[in-house]
Amino acid sequence: MTAPRPPRRTRCLTVGSSDSSGGAGIQGDLKAFASVGAYGATVLVGVTAQSPAGVIASAPVDLDLVAAQLDTVLADIGADGVKVGTTWSAALMHLVADRLAGIPAPLVVDPVLVTAAGSGLSGGQDAVDALCERLLPMAAVTTPNFAEARRLTGLTDETDPAVLAGALVRRGARAVVITDVPGGGDWLFDGRCHRAVPGPRHATGCEHGAGCAHSALLTAFLARGVPLPRAAELAHRAVAAGVANGAVDIGRDRHPVDLLTATATDTDTASATESATATAIATGAAAAVGAATATATETGAASATESATGAATDTGAATDTGAATDTGAATDTGATAAVGAAVVGGDRGRPA
């Protein structure tokens with residue numbers, strides 16, 4: 001008897017730069033993908049010498065090698081979602097846009113112009129213009145932080161995120177999530193409706209890689225079919241928890257966000273954690289994902305979604321607690337945990 005075919009993983013591709021400290025860039029993206037059960041592939045476009053305190057040196061990868069990476073990964077592995085980060089040069093932006101044109105997967109553009117520590121990573125105004133002209137119209141959503149939104153729009157004194165988001169849409173973006181807005185939370189504009197994405201702001205010093213983690217998680221959720229408003233909410237919650245429970249033992253003065261071992265210790269997730277005491281409370285997203293994925297594989301369930309709650313379907317109708325009772329995964333711990341496992345971890349119902 002032929003063994004049942006295992007579920008196909010959600011495949012996410014990140015086009016970005018290496019962070020030698022491991023907290024942001026492609027290293028951070030891979031951790032974010034893994035935290036919700038997605039398989040991550042990479043296209044390296046630049047190398048940096050950096051720590052959470054800032055960038056010391058950087059260099060781009062040859063464009064021919066970038067093109068070869070893109071062609072190879074897309075031809076063999078494919079992608080259900082793609083994230084594009086660092087803007088090294090106009091030539092790179094045009095190359096990436098050409099290679100990704102027509103790809104049947106949501107594209108998330110995270111215009112990494114300034115790191116959390118304040119280091120500049122932009123290739124110049126021509127690179128920014130090429131980003132806006134070529135990639136923003138292709139993207140399902142772009143995710144600048146507040147400072148980057150000001151630079152992209154030229155509205156350097158503007159304090160209203162709705163004005164900045166509207167200006168970005170006029171520059172070609174289809175939808176915008178501005179992160180780190182004054183007062184906390186994010187701001188979403190889909191071209192029609194403005195809405196705040198509320199959430200806590202934690203002053204832990206563990207912000208390194210938070211922006212990268214947010215856009216990578218958003219990519220993974222969109223790749224699984226979660227609607228943008230819900231995906232933005234889930235991504236924000238997970239990153240907030242990753243900052244609250246960041247890697248304070250890594251780095252001297254500034255520290256990286258930590259999605260893999262974040263626990264539900266803040267008050268926003270305490271009640272959700274208590275409701276999961278009858279199940280095995282996961283210590284991080286990886287445990288919940290493992291539980292959901294293992295259940296989907298071992299029991300032959302249609303997907304981890306169905307085995308977990310039956311509520312977090314491809315339409316993104318995940319419950320707020322996301323209680324994965326049948327799998328033993330924790331409820332919404334703030335590290336995407338069972339929610340992430342339910343909406344991303346299992347893909348048995350998807351075509352190969």
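## Helices H7 and H8

The crossing of helix H7 with helix H8 is right-handed in this predicted model. Helix H7 covers residues 210-223 and helix H8 covers residues 228-244, and the two pack at an angle of about 145 degrees, with 9 Å between their axes.

On the side of H7, the contact is made by Ala210, Ala213, His214, Leu217, Leu218, Phe221 and Leu222. H8 contributes Leu228, Ala231, Ala232, Leu234, Ala235, His236, Ala238, Val239 and Val243 to this contact. When the residues of the contact of H7 with H8 are divided by character, 14 are nonpolar and 2 are polar, while no charged residue takes part.

## Helices H5 and H6

Two packed helices are described by the angle between their axes and by the distance between those axes. For helix H5 (residues 146-153) and helix H6 (residues 161-170), the axes come within 9 Å and cross at roughly 50 degrees. Because the angle is neither under 35 degrees nor in the range of 65 to 115 degrees, H5 counts as oblique to H6. The crossing of H5 and H6 is left-handed.

The residues of H5 that make the contact are Phe146, Ala149, Arg150, Leu152 and Thr153, and they meet Pro161, Leu164, Ala167 and Leu168 of H6. This contact of H5 with H6 divides into 7 nonpolar residues, 1 polar residue and 1 charged residue.

## Thr153 in helix H5

Is Thr153, a residue of helix H5, buried or exposed? Its relative accessible area is 19%, and because buried means under 20%, Thr153 counts as buried.

Leaving aside neighbours within four places in sequence, Thr153 is in contact with Leu164, Ala167 and Leu168, which are among the residues that H6 brings to its contact with H5. A polar atom of the Thr153 side chain also lies 3.2 Å from the backbone nitrogen of Leu155.

## Helix H4 and its surroundings

Helix H4 spans residues 125-135, and its buried residues include Ala127, Val128, Ala130, Leu131, Cys132 and Leu135. The buried residues of H4 pack against strand S4 (81-84), helix H3 (90-100), strand S5 (107-109) and helix H5.

## The chain as a whole

The secondary structure of the chain comes to 12 helices and 9 strands, and of its 352 residues, 55% count as buried. Among the contacts between residues at least 6 apart in sequence, 68% join residues that are at least 24 apart.

Technical notes
Residues numbered from 1 in each chain as written. Predicted model: local features only at pLDDT ≥ 70, side-chain atom pairs only at ≥ 80, totals over all residues. Heavy atoms only, no water. Axes fitted to C-alpha atoms, helices over the stretch in contact; angles between N-to-C directions. Helix = DSSP H or I, 4+ residues; strand = E, 2+ residues; numbered from the N terminus. Parallel < 35°, antiparallel > 145°, perpendicular 65-115°, else oblique. Left-handed = near helix turned anticlockwise from the far one by under 90°. Contact = heavy atoms within 4.5 Å. Nonpolar A, V, L, I, M, F, W, Y, C, P; charged D, E, K, R; others polar. Buried < 20%, exposed > 50% of the residue type's maximum accessible area, 1.4 Å probe, protein only. Polar contact = N/O pair within 3.5 Å; in protein donor to acceptor, adjacent residues only side chain to side chain.
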